[in-house]
Amino acid sequence: MKKSRSQLEKELDKVFSKYIRNRGAVDGWNRCFTCNHPFRVEDLDCGHFLSRRHHSIRWNEQNAFPQCRECNRIFDGRADVYEFYLRDFGVDVDELKRLARKPEKFSLSELEEMINHFKSKTNENS
């Protein structure tokens, strides 16, 4: 049975989140991008610099890094600190902001391709 757009997006969110939280992890531990405290991977969120509502960058690796729940949820992502570290990391924040304004509706096959892409990248890092 063919999956709906919402099913594919939900699956992609899950796979992307797992990849981001595990990217750079050592022995199941990673650091919050904004406060730099260590956490178990399963205790981290996939924190987005620019909101997930911007589909054009929702699954962009430069827009998402591991964040502790306090930074991501309680302090609403700590955007000022996030932006500082992104720039320090060499990310073109202005380009991300430009891309966020671009309307994007990925096809079902593009969503499936991204699911497979991030699944394979997660397996490479395991």
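In the predicted model, Arg69 has a relative accessible area of 35% and is therefore classed as partly exposed. Its side chain meets that of Asp45 in a salt bridge, with an N to O distance of 3.4 Å. This pair connects distant parts of the chain, since Arg69 belongs to helix α2 (residues 69-74) and Asp45 to strand β3, 24 residues apart. Asp45, in contrast to its partner, is buried, at a relative accessible area of 7%.

The Arg69 and Asp45 pair is one of 14 salt bridges counted in the model. Another is formed by Arg58 and Asp13, whose closest N and O atoms are 2.6 Å apart. This pair also links distant parts of the chain: Arg58 is in the loop between β3 (44-48) and β4 (64-68), Asp13 is in helix α1, and 45 residues separate them. Both Arg58 and Asp13 are buried. For Arg58 the relative accessible area is 10%, which is under the 20% limit for a buried residue. The 2.6 Å approach of the Arg58 side chain to the side chain of Asp13 is also a polar contact. When residues up to four places away in sequence are not counted, Arg58 touches Asp13, Phe16, His48 and Arg52.

Two of these contact residues, Asp13 and Phe16, are among the buried residues of helix α1. Helix α1 comprises 18 residues, 5-22. The distance from its first C-alpha to its last is 26 Å, close to the 26 Å expected at 1.5 Å a residue. The buried positions of α1 are Leu8, Glu9, Leu12, Asp13, Val15, Phe16, Ser17, Tyr19, Ile20 and Arg21. The list thus includes charged residues such as Glu9, Asp13 and Arg21 alongside Leu8, Leu12 and Val15. After α1 comes Gly24, which has a positive phi, near 85 degrees.

The loop between β3 and β4 also holds Ser56. Ser56 is buried, its relative accessible area being 17%. The side chain of Ser56 reaches the backbone oxygen of Leu99 at 2.5 Å. A polar atom of the same side chain lies 3.2 Å from the backbone oxygen of Lys102. With neighbours within four places in sequence left aside, the contacts of Ser56 are Leu99, Ala100, Lys102, Glu104 and Phe106.

Ala100, one of the contacts of Ser56, is also one of the buried residues of helix α4 (residues 93-100), together with Val93 and Leu96. These three residues are on the same side of α4, because the arc they cover around the axis is only 55 degrees. The buried residues of α4 pack against α3 (79-88). At the N-terminal end, α4 is capped by Asp92, which has a side-chain oxygen 3.3 Å from the backbone nitrogen of Asp94.

Helix α4 also contains a salt bridge between the side chains of Arg98 and Glu95, at 2.6 Å from N to O. The two residues are 3 positions apart in α4, so about one helical turn separates them. In an α-helix there are 3.6 residues a turn, so residues three or four places apart point the same way. Both partners are partly exposed, Arg98 with a relative accessible area of 41% and Glu95 with one of 30%. Elsewhere among the salt bridges, shared partners join Glu83, Arg87, Asp94 and Lys97 into one network. Asp94 of this network is the residue whose backbone nitrogen is approached by the capping side chain of Asp92.

The cysteines were examined for disulfides, and the count comes to 0. A disulfide is a covalent bond between the sulfur atoms of two cysteines. The cysteine sulfur closest to that of Cys32 is in Cys35, at 3.6 Å, which is too far for a bond, because the limit applied to a pair of sulfur atoms is 2.5 Å. Cys32 is buried, with 1% relative accessible area. Cys68 likewise takes part in no disulfide, and the nearest cysteine sulfur, that of Cys71, is 3.6 Å away. Cys68 counts as buried as well, at 4% relative accessibility.

Definitions and conventions
Residues are numbered from 1 along each chain as its sequence is written. This is a predicted model: local features need pLDDT of at least 70, side-chain atom pairs count only at pLDDT 80 or more; totals for chains, interfaces and linings use all residues. Side-chain values use heavy atoms; hydrogens and water are left out. Buried means under 20% relative accessible area, exposed over 50%, partly exposed in between (1.4 Å probe, protein chains only). Helices (H or I, at least four residues) and strands (E, at least two) are DSSP runs, numbered from the N terminus. The expected span of a helix is 1.5 Å times one less than its number of residues. The arc is that of the directions from the helix axis to the C-beta atoms. Contact means heavy atoms within 4.5 Å. A polar contact is a pair of N or O atoms within 3.5 Å; within protein, one must be able to donate a hydrogen and the other to accept it, and residues adjacent in sequence count only if both atoms are side-chain atoms. A salt bridge is a side-chain nitrogen of Lys or Arg within 4 Å of a carboxyl oxygen of Asp or Glu.
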